[in-house]
Amino acid sequence: MAAAASLERSFVELSGTERERPRHFREFTVCGVGTGNALIGTVKYSESAGGFYYEESGKLFSVTRNRFIHWKTFGDTLELMEESLDINLLNNAVRLKFQNCSLLPAGVHISETQNHVIILVLTNQTVHRLLLPHPSRMYSSELVTESQMQSIFTDIGKVDFRDPCNYQLIPAVPGLSPNPTTSAAWLSNGGEALFALPSASGGIFVLKLPPYDIPGMVSVVELKQSSVMQRLLIGWMPTAIRGDPGPSDRPLSLAAHCVEHDAFIFALCQDHKLRMWSYKDQMCLMAADVLEYVPVNKGLRLTAGTGHKLRLAHSPSMGLYLGIYMHAPKRGQFEKLPEGPIPPSTPKFAYGKVAMKKLKTVEEALNVLCPAGPIKSLYPLTFIKVKQYFGFVLYRTTLPQDCSNPTPLSSPLNGVHDRAYVSVDGVPQGILARDHVIILNITGKAGATLDLLVENMGRVNYGHYINDFKGLVSNLTLGGNILMNWMVFPLDTEDAVHSHLGGLDARDAGRHDPAPARSSSNYMLPAFYVGNFSIPSGIPDLPQDTFIQFPGWTKVCVFVDSA
């Protein structure tokens, strides 16, 4: 029962304070040396929030499976909560109050090492490094099936927040903004904690704490856009890269990405430019004008940015992504069109009934639709894998078992994108449809040909499904067994239609009886029908627009050829 319970998935909703369930926070006060003379409330920042998931959060039977941390800052307070979807975590919510300081917006950065979870915190006066035990060091993996365990925050009261190895005042160095509104932080591969803050002149100050277990010196590096001069900052031992940028170069939002031997710092600046620095080389490597990618930027270029936001995400498989929000006060990406007269409707003409003749089913026309023949694959290939970007693809395999009794053909991961017409040995079976029909009972003998004609019905171009692949994007099962050994036929319908499927002249079609109407409950194999109509002579302004109606038909794609 314990093992079965560990496989169960759930969810938790993170919402605003007014909807959040009551939660017990243990409160701690962080007293910083040298901050006692600061005036409380002189600096006010907006609230911010963020989250962190463990590297093995998706690994079955891992201690950190379905486990994550989320945080919220407001004023002088940082709230940290560790959650799990599988077990109850004890002592999982803490509230830290930083005396005489204000938390910087998004000034919390969480990382994990083999032994620790490390939380880097920036206030307007201080930087902090909190070392907490990693869950894998607190418990053995056999305990993952227990109903509850202690959170990593259980012993946070034992942390010495004033340990000089993990806490420093931000120095009052020339050029550093007195009340920074953005920050970034990261851990180097050597265990150093680095904190980035904007300078008033357009550069970036990076404060470095040595590894927690290695004695070392705290230092500051000032990164600017040009020059290689060095200077000492009072009480510190930094190097500086000097330059003379204008005041509008001041960073509004920072993000950092650490690689093996370097870290890249990205800054979205007041002059609407995205800049990238190399920490190792201490130089600006790139400056890109973001307004070049904004369709409506009239007037923005002359106005200093105020609320731009930069977010960074990295995936080993997908690479590095930067998200940019450009704040344009009292403006949007929509322009109001001037009022004007509505153009009149175009004239229409009724050309009459068109008799249709059935030519061939799709399966019968495969030699014309796919002259190059099929692509063979152990598992189904998406449209893009076979260089088919729209239209139809036919997927063919054989039934590996006898299905004399109705047997479920299933797309368990909703992998039919978007509509599949299913047949066995030319006998229609039904339709599988994305988000609507993912299981269809079919019948047939072992070794019979199973065909699925898959239609691309258009792509989503926004939001979560913007990467909208088409075709069979996941495996199909028959009676619970995965179907394999597919032949994939990309169909060139346009060329086939223009050639009249290999030679039949459309002008001959009018002498045949009309094709019978089909209802949706009387499913027929997809097929090509041909008919013709004439444009009358002697009537001015022809040809004109018209409408096409198919009473009693189910789904139709229309091609109009003037030949």
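What is the order of the strands in the open sheet that contains β7, and how are they paired? The order is β7-β8-β9-β11, and the pairing in this open sheet of 4 strands is antiparallel.

This is a predicted model, in which local features need pLDDT of at least 70, side-chain atom pairs count only at pLDDT 80 or more, and totals for chains, interfaces and linings use all residues. Residues are numbered from 1 along each chain as its sequence is written, and side-chain values use heavy atoms, with hydrogens and water left out.

**Two open sheets**

Strands here are DSSP runs (E, at least two residues), numbered from the N terminus. Two strands pair if DSSP finds at least two bridges between them.

Take the sheet β7-β8-β9-β11 again. Its edges are β7 (103-112) and β11 (167-169); each has a single partner strand, so one side of each is left without a neighbour in the sheet. Neighbouring strands of this sheet are turned by 10 degrees against each other on average, direction ignored. Those angles use axes that are lines fitted to C-alpha atoms; angles between N-to-C directions run from 0 to 180 degrees. Strand β9 (residues 126-133) and β11 run antiparallel and are joined by 3 bridges. Val 127 has Gln 168 of β11 as its bridge partner.

Another open sheet has 4 strands in the order β12-β13-β14-β15, with antiparallel pairing. Here β12 (184-187) and β15 (219-223) stand at the edges, and each has a single partner strand, so one side of each lacks a neighbour in the sheet. The average turn between neighbouring strands of this sheet is 20 degrees, direction ignored. Strand β14 (residues 204-209) is joined to β15 by 5 bridges, and the two run antiparallel. Lys 208 has Ser 219 in β15 as its bridge partner.

**Backbone exceptions**

Most residues other than glycine have a negative phi, and most peptide bonds are trans. Asn 91 departs from this, with a positive phi near 55 degrees. Asn 91 sits in the loop between β5 (88-90) and β6 (93-98). Lys 387 also has a positive phi, near 60 degrees, and lies in the loop between β23 and β24. The bond between His 417 and Asp 418 is a cis peptide bond, with omega about 20 degrees. Asp 418 is placed in the loop between β26 (416-417) and β27 (419-424).

**Surface and cysteines**

Ile 384, Tyr 389, Phe 390, Phe 469 and Val 473 form a nonpolar surface patch with about 500 Å² of accessible area together. Patch residues have over 30% relative accessible area and no salt bridge; nonpolar side chains (Val, Leu, Ile, Met, Phe, Trp, Tyr) are joined within 5 Å, like charges within 9 Å. A salt bridge is a side-chain nitrogen of Lys or Arg within 4 Å of a carboxyl oxygen of Asp or Glu. Areas come from the Shrake-Rupley method with a 1.4 Å probe. Tyr 389 lies in the loop between β23 (375-377) and β24 (392-398).

The structure holds 0 disulfides (a disulfide is a pair of cysteine sulfur atoms within 2.5 Å). Cys 31 is in no disulfide; its nearest cysteine sulfur belongs to Cys 101, 9.9 Å away.

The table gives exposure classes: buried is under 20% relative accessible area, exposed over 50%, partly exposed in between (1.4 Å probe, protein chains only).

| Residue | Relative accessibility | Class |
|---|---|---|
| Cys 31 | 28% | partly exposed |
| Asn 91 | 35% | partly exposed |
| Lys 387 | 66% | exposed |
| Tyr 389 | 45% | partly exposed |
| Cys 557 | 44% | partly exposed |
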